[in-house]
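Me: I'm new to this one and would like to walk through it with you. Can we go piece by piece, with the reasoning spelled out?

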Amino acid sequence: QVQLVESGGGLVQAGGSLRLSCVVSGTIFSINAMGWYRQGPGKQRDLVASISKDGRQNYADSVKGRFTISRDNVKKTVYLEMNSLKPEDTAVYYCNAEIKTNWYSGNDYWGQGTQVTVSS
């Protein structure tokens with residue numbers, strides 16, 4: 001059973017910072033790409049940032065220069081450092097990972113989500 005558990009969300013004033021973490025646990029053969037998505041009220045779930053197994057990063061235009069994604073492959077953890085937060089960053093943030101549980105089978109897995117609220 002694979003689990004992704006996020007932490008680090010909360011309430012912060014505009015201009016502030018938060019750091020999200022997502023730890024992967026369970027029977028895992030390998031973890032490929034990892035990423036963070038967000039879903040604001042009444043909106044679809046969109047990609048915020050992703051990072052490949054070898055560290056290549058990709059960001060949504062709206063967060064470039066403010067957010068940084070990183071990962072620790074030994075700890076099976078992905079992080080999202082969020083700076084200069086804006087009210088429009090308010091959303092539920094979801095961790096995502098492409099995980100193989102054996103050498104031939106892989107799937108996308110999601111965390112339960114963590115709320116980030118930015119007040120103006």
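Me: Let's start with Gly111: buried or exposed?
Reply: Keep in mind that this is a predicted model. Gly111 sits in the loop between β10 and β11 (114-119). Its relative accessibility is 11%, and the cut-off for buried is under 20%. So Gly111 counts as buried.

Me: Which residues does Gly111 touch, if you skip those up to four places away in sequence?
Reply: Gly111 also has Val24 at 9.0 Å, C-alpha to C-alpha, although the two are 87 residues apart in sequence. For actual contacts, leave out anything up to four places away along the chain. What remains is Leu4, Glu6, Tyr94 and Cys95.

Me: Cys95 just came up. Which residue is joined to Cys95 by a disulfide?
Reply: Searching the whole structure turns up one disulfide. Its sulfur atoms are 2.1 Å apart, and a disulfide needs them within 2.5 Å. The partner of Cys95 is Cys22.

Me: How many residues apart in sequence are the parts that this pair ties together?
Reply: The link between Cys22 and Cys95 is left-handed, with -80° about the S-S bond. Cys22 belongs to strand β3 (residues 18-25) and Cys95 to strand β9, so the pair ties together parts of the chain far from each other in numbering: they are 73 residues apart.

Me: And are Cys22 and Cys95 buried or exposed?
Reply: Here the cut-off is a relative accessible area under 20% for buried and over 50% for exposed. Cys22 and Cys95 both land in one class, and that class is buried.

Me: Moving on to aromatic rings, why is the pair of Tyr37 and Trp110 called edge-to-face?
Reply: Two aromatic pairs are counted here. In this one, the ring centres of Tyr37 and Trp110 are 4.9 Å apart. Their planes meet at 65°, and an angle over 60 degrees counts as edge-to-face. So the label follows from the angle of 65°.

Me: Where in the chain do Tyr37 and Trp110 lie?
Reply: Tyr37 is partly exposed at 22% relative accessibility, and Trp110 is partly exposed too, at 36%. They come from distant parts of the chain, 73 residues apart. Tyr37 is in strand β4 (residues 30-39), and Trp110 is in strand β10.

Me: Which residue forms an aromatic pair with Trp103?
Reply: Trp103 is found in the loop between β9 (91-102) and β10 (105-110). Its pair is edge-to-face, with 5.4 Å from centre to centre and 80° between the planes. The other ring belongs to Tyr104.

Me: What accessible area does the nonpolar patch with Trp103 have?
Reply: Trp103 is exposed, with a relative accessible area of 64%, and Tyr104 is exposed as well. Together with Phe29, they form a nonpolar patch on the surface. The three have a combined accessible area of about 470 Å².

Me: What is the relative accessible area of Val116?
Reply: Val116 lies in strand β11. Leaving aside neighbours within four places in sequence, its contacts include Leu18, Leu20, Met82, Ala91 and Tyr93. Val116 is buried, and its relative accessible area is 0%.

Me: Now for charges: how far apart are the closest N and O atoms of Glu81 and Arg19?
Reply: Five salt bridges turn up across the whole structure, and Glu81 with Arg19 is one of them. Glu81 is in strand β8 (residues 77-82) and Arg19 in strand β3, 62 residues apart. Salt-bridge atoms have to be within 4 Å, and here the closest N and O atoms are at 3.7 Å.

Me: Is Asp61, which meets Lys64 in a salt bridge, buried or exposed?
Reply: The side chains of Asp61 and Lys64 come to 3.1 Å, N to O. Lys64 counts as exposed at 51% relative accessibility. Asp61 has a relative accessible area of 64%, so it is exposed.

Me: Which residues are linked with Asp89 in a network of salt bridges?
Reply: Arg66 forms a salt bridge with Asp89, with the closest N and O atoms 2.8 Å apart. Arg66 counts as buried at 10% relative accessibility, and Asp89 is buried at 1%. The residues linked with Asp89 in the network are Arg38 and Arg66.

Note on methods: Residues are numbered from 1 along each chain as its sequence is written. This is a predicted model: local features need pLDDT of at least 70, side-chain atom pairs count only at pLDDT 80 or more; totals for chains, interfaces and linings use all residues. Side-chain values use heavy atoms; hydrogens and water are left out. Patches are made of residues with over 30% relative accessible area and no salt bridge: like charges are joined within 9 Å, nonpolar side chains (Val, Leu, Ile, Met, Phe, Trp, Tyr) within 5 Å. Accessible areas come from the Shrake-Rupley method with a 1.4 Å probe; for residues, only the protein chains shown count as cover. Helices (H or I, at least four residues) and strands (E, at least two) are DSSP runs, numbered from the N terminus. Buried means under 20% relative accessible area, exposed over 50%, partly exposed in between (1.4 Å probe, protein chains only). Contact means heavy atoms within 4.5 Å. Rings of Phe, Tyr and Trp (its six-membered ring) pair if their centres lie within 6.5 Å; planes under 30 degrees apart count as stacked, over 60 as edge-to-face and the rest as tilted.
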